[in-house]
Every structure is written in structure tokens, then in C-alpha cells.
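Me: Could you take a close look with me at one part of this protein, the transmembrane stretches and the helix packing around them? I'd love one connected walk-through.

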Amino acid sequence: MPPSMTVALGPDWLDPEFLISTFGLLGILAIVFAESGLLIGFFLPGDSLLFTAGLLTADGQYITYPLWLVCLLITIAAVAGDQVGYAFGRKVGPALFRRPDSRLFKQENVVKAHEFFAKYGARSIVLARFVPIVRTFTPIVAGVSRMNYRTFVTYNVVGGILWGTGVTVLGYFLGQVPFVKANIEAILIGIVLLSVLPIAFELLRARLAANRRA
């Protein structure tokens, strides 16, 4: 990947290649941890970051560690982030639903995660890994709901492996395909769009349901 390429997904500090080239593997782990369970991490570029991490691991650019180690550390960071989110949810309890909105906190994000959790139950811990914003708030809602801890840990580990390792490995192998390397900017934008489709669908469904009730 040419160093001059910039992925047009927003400001530089949210661009996956910029983040990786600036902060390296430690930066990836910090972002994955924050997005997986800290209230302030919902806006971070998790999916495109992991895909880019895999691609740059294949290239040996910015990341010189072996793929297995990168995947292991990312998975640990993802699982640890959800654990912190769960513990936070258990501590704050229902008070989270009364917290006022701020620049970094929107009550509607908690409500979406609660609806997602209510709909899919324990499976939501795995499924939420692949849905931006919901990914951050679902473990917190699981803690608020006092989900059985052993069940949470089991689904958390499974979700962390499927997301953290799966998306990174996908980037690693697809990154070696000439067509992918030549069109990486468009592909990363596509990943982001695909990842927000579930949210867009749910918003549309909720609006249509509200219109029908009206």
C-alpha cells in the first residue's frame, strides 16, 4: 500500500492507516478495547481498522508482528473491553437510562443497544460485535440487565474471536489480492457502509412502525 494513500472515511485521526502508522499495534489494541466497552468508544472505526491491520500485517508495513500474534492481542483487547463494559453496566445499573445526553453520550444509543439485547438475548453479545455503536453499548446493557456472568463470558470470548480474529484475517488474505490492494480505499468505504446497514435498517423499521401507529 503506498504511504501517500489516504482513506477518505473522515478526519485524519479516524483514518485507519493514519492511526496504525502513528500508534502501531498498541494503538490498535487501545482503540479495540475502547470501542468494545467504553462509553466514549462508540465513534471509533473498529471494522475498517481491523481490516486495515490485517492488510498492513500482510504487507509488513507499520506492523511487523506475525499474524497469529496480532490476532491474539486484538482478540484479548476486544474481550477485555467487553468485560469492562459489563462490569460498568452492573455498577451503574438502571441509572444509565437516566443519564442526560452530552457530546459523548446519547441516550438513544443505550436504548438501541437495549432493544438489540432484548431481541437477541445472549446471542446479542456475539452479533453486536459486527454492528457499530451497538457493539459498544451491548455489553454495558448486559451488565445493567444482570446477565448471567458465565454466559456473558462464553459469548464474549466467542464474539471476540469471530470479530477480532475474523476481520483481521480477512484483511490479511484479501490484502494480498492485487485487485483489493489497487482499490483498498473503495473497499474500506464499502466495509463501513455494510457495517452501518443494520443500524439504518432498524431506524427505517422503527420510523415505519411509528408512522403506522400514528
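Reply: For "transmembrane region", an unreviewed UniProt entry lists residues 23–45, 65–89, 152–174 and 186–204. Happily, we can set that record beside the coordinates, keeping in mind that this is a predicted model. Take residues 65–89: this span is 92% helix and 0% strand, and its end C-alpha atoms lie 35 Å apart. Residues 152–174 are 100% helix and 0% strand, with 32 Å between the end C-alpha atoms.

Now for the packing, beginning with helix H3, which covers residues 67–92. The axes of H3 and helix H6 (residues 134–144) come within 6 Å and cross at roughly 45 degrees. H3 is therefore oblique to H6, and the crossing is right-handed. On the H3 side, the contact is made by Asp82, Gly85, Tyr86, Phe88, Gly89 and Arg90; H6 brings Arg135, Pro139, Ile140, Ala142, Gly143 and Val144. By class, that contact of H3 with H6 holds six nonpolar, three polar and three charged residues.

Another pair to look at is helix H1 (residues 16–37) with helix H2 (residues 46–59). Their axes are 10 Å apart, and the packing angle is about 130 degrees, so H1 and H2 are oblique to each other. Their crossing is left-handed. H1 contributes Pro16, Glu17, Leu19, Ile20, Ile28, Ile31, Val32 and Glu35 to the contact, while H2 offers Gly46, Ser48, Leu49, Leu50, Thr52, Ala53 and Leu56. Sorted by class, the contact of H1 with H2 has ten nonpolar, three polar and two charged residues.

Definitions and conventions
Residues are numbered from 1 along each chain as its sequence is written. This is a predicted model: local features need pLDDT of at least 70, side-chain atom pairs count only at pLDDT 80 or more; totals for chains, interfaces and linings use all residues. Side-chain values use heavy atoms; hydrogens and water are left out. Axes are lines fitted to C-alpha atoms, for helices over the stretch in contact, and angles run from 0 to 180 degrees between N-to-C directions. Helices (H or I, at least four residues) and strands (E, at least two) are DSSP runs, numbered from the N terminus. Angles under 35 degrees count as roughly parallel, over 145 as roughly antiparallel, 65 to 115 as roughly perpendicular and the rest as oblique. A crossing is left-handed if the near helix is turned anticlockwise from the far one by less than a right angle, and right-handed if clockwise. Contact means heavy atoms within 4.5 Å. Ala, Val, Leu, Ile, Met, Phe, Trp, Tyr, Cys and Pro count as nonpolar, Asp, Glu, Lys and Arg as charged, and the others, Gly among them, as polar. UniProt positions are given in the numbering used here, feature names are shortened, and annotations may be inferred rather than shown by experiment.
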